[in-house]
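Visitor: I would like a close look at one part of this model. Please show me an enclosed space inside it, and then the surroundings.

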Amino acid sequence: MMKKYTYTEKKDTRSGFGAGLQHLGKTNPNVVALCADLIGSLKMDAFKAENPDRFFQVGIAEANMIGLAAGLTIGGKIPFTGTFANFSTGRVYDQIRQSVAYSGKNVKICASHAGLTLGEDGATHQILEDIGLMKMLPHMCVINPCDYNQTKAATIAIADHHGPVYLRFGRPTVPNFTPADQKFEIGKAIMLNEGTDVTIIATGHLVWKAIEAGEQLAEQGISAEIINIHTIKPLDDDAILKSVTKTKCVVTAEEHQMNGGLGDSVAQLLSRRLPTPQEFVAVNDSFGESGTPDQLMTKYGLDTINIIEAVNSVMKRK
Amino acid sequence: MADLAKLQTTCVQVRRDIVRMVHAVSSGHPGGSLGCTEFLVALYQEVMNHNPKNFSMDGIGEDLFFLSNGHISPVFYSVLARSGYFPVDELKTFRKINSRLQGHPTTHDNLPGVRIASGSLGQGMSVAIGAALAKKLNKDNSIVYSLHGDGELQEGQIWEAVLYAAANKVDNFIATIDYNGRQIDGNVEDVLSLGNLKAKFEAFGWEVIETEEGNNMTAVLEGLANAKTFIGKGKPIVNIMKTEMGAGVDFMMGTHKWHGSAPNDEQLQKALDQLVGNEADY
Ligand SMILES: Cc1ncc(C[n+]2csc(CCOP(=O)(O)OP(=O)(O)O)c2C)c(N)n1
Ligand SMILES: [Mg+2]
């Protein structure tokens, strides 16, 4: 039997970020925020209105924003930068690498509109490489929460984590099913459903689809263990190894390129510690395009059905 | 001599295309598109020497245009289609799945008329300068044009390009700035002021042309004609062109609100009622 998950509302994860940031504005005087001409899209309006002295509009100048954020940490501030995921990572990679990661600065890089579900703006804005870019940087923590409540909790939690963090979230509304009071522990996987036949490890928007897949698989008599990996780095090795020891096969699911994503991290862990058949639900070496979020998830193979198919093929390889 | 009436009629039709395209998918950027209509119609239907029926990536012997502020793709696509690069009917696929008319222009799907992807701001001037350098190497006397948003000028890469072009006397290049004073979060002046833009370009060693009425076809043509007189004189040329975001649709003007939002059914009708022309909708 699959554990039952319900939700009362669909909400966007970026609004979870906005709510978390607003909360930090009230509770942590060291938190400051920077934005590059996308205040509304990042839902930073409330923080800005309530903390005008701690908010910095930098204009369309992301490289400068990262440098300013690195500087603000010197003197004890905790800067949260906000722009789209593409302009948060690829656009400013060397600035992050040198001034933030290598310099060990306590900057929180908060990135909205990640992945295909940004929709109609198309491939120029749909970064599918950001998890890979960020996780390759030494000591960078990489977090991709799955719904509004989890994104809000993650935003609040990273303020207390000393060190650089990449927080990835998105534009569309998705089922908000995580309990509002669930504590967010960086690096700690969440067991959504215990099962015996296959382990499904999902992150971000694919977590709800993994739950849907689990329900349908249960009807076929397949018992899926479902793990929500909100933190891709540091990866919860123990949770994954424990589960895979039991199920002996694994499917990873993410709104990202197959190269460099969560699946890669899991494969690297398993190949060293517990070689296991694995299938990947991810974008296969392709750019995205314009379309509605649902159309794109279907076209690029990131739907519930793709998870089910991956489960069916990986189980044959046990 | 320019057929002013014809160009103006085309502008009306292009504006109809813009509002209909963004309305159909409830997304896209009408504001900057409407503001740059006269400029793009003038460029493609009067000023540039180009070959719409036989598009080639290299464009040898042709003037080239690069759209750096890629979000105003609606006006770009409409003008390309209405200049003969691809069927006007294809405008109805804008931003839809499997279309060549992506939210931001791309070469990925081989849409005739597009020579570089844009959308991530601040990159197009460098590309345009590169193409201008290639023209010089090829002993091709054609001109390279580019268009940039004023908010876009906040990107540092723009100023690397500005520095480069003057230092290297890239004088076969005319960059135009859509000087509408607005960007996503509000007025450019409030978000991050550009200060004295003319003085900045002059200090970097550019020839500066100012077009005061960027939504007046005669003024736009004069501005471009004036700019062309400085080709080959040892300096890059910038055309600082004042426009009105949302120009042509009264309720879209005077605000930054229509930078990136689409009209609903009622608003579309209101807009179309103000844009009465005698060409055919797609
Ligand atoms: C590098 C980058 N950062 C941010 C954005 C998001 N964005 C798209 S348009 C825009 C505002 C552009 O202002 P401007 O150039 O003045 O164009 P206008 O609003 O006048 O059309 C922003 C911030 C982007 N496309 N690229
Ligand atoms: Mg502008």
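**Inside the largest cavity**

Guide: Let us start with the walls: the largest cavity is lined by Thr13(A), Ala114(A), Asn144(A), Pro145(A), Arg168(A), Phe169(A), Gly170(A), Thr203(A), Gly204(A), His205(A) and Glu255(A). This is a predicted model, in which local features need pLDDT of at least 70 and side-chain atom pairs count only at pLDDT 80 or more, while totals for chains, interfaces and linings use all residues. Residues are numbered from 1 along each chain as its sequence is written, chains are lettered from A and ligands numbered from 1 in the order in which they are written, and side-chain values use heavy atoms, leaving out hydrogens and water.

The largest cavity holds about 70 Å³ of space (the volume filled by probe spheres set on grid points joined across faces, edges and corners). On a 1 Å grid over the protein atoms alone, a cavity is a set of points where a 1.4 Å probe fits but cannot get out, a pocket is an open set with protein on both sides within 12 Å along at least five of seven lines, and lining residues have an atom within 4 Å of a point.

By class, this lining splits into 3 nonpolar, 6 polar and 2 charged residues (Ala, Val, Leu, Ile, Met, Phe, Trp, Tyr, Cys and Pro count as nonpolar, Asp, Glu, Lys and Arg as charged, the others, Gly among them, as polar). Where does the largest cavity lie in chain A? It lies between domain 1 (11-175) and domain 2 (190-313), because both give residues to its lining (the bounds come from an automatic or database domain assignment).

The second largest pocket has a similar story to tell. Domain 1 and domain 2 of chain A both contribute to its lining too, so this pocket lies between them. Its volume is about 640 Å³. Of its 33 lining residues, Asn86(A), Ala123(A), Thr124(A), Phe287(A) and Ala117(B) are nearest the centre. The lining counts 8 nonpolar, 19 polar and 6 charged residues.

Now back to enclosed spaces. There are 3 cavities of 30 Å³ or more in the structure, and the second largest of the cavities has about 50 Å³ of space. Around the second largest cavity you find residues of chain B, including Phe65(B), Phe66(B), Leu67(B) and Arg115(B). Strand β1 (residues 64-67) of chain B gives the most to this lining, with 3 residues (helices, H or I and at least four residues, and strands, E and at least two, are DSSP runs numbered from the N terminus). Here the classes are 7 nonpolar, 2 polar and 1 charged.

Finally, visit the largest pocket, with a volume of about 1,000 Å³. Its lining has 47 residues, and the closest to the centre are Leu38(A), His29(B), Ile184(B), His259(B) and Gly260(B). Both α2 (39-42) of chain A and β4 (182-183) of chain B supply at least two residues of the lining. In this lining, 11 residues are nonpolar, 22 polar and 14 charged.
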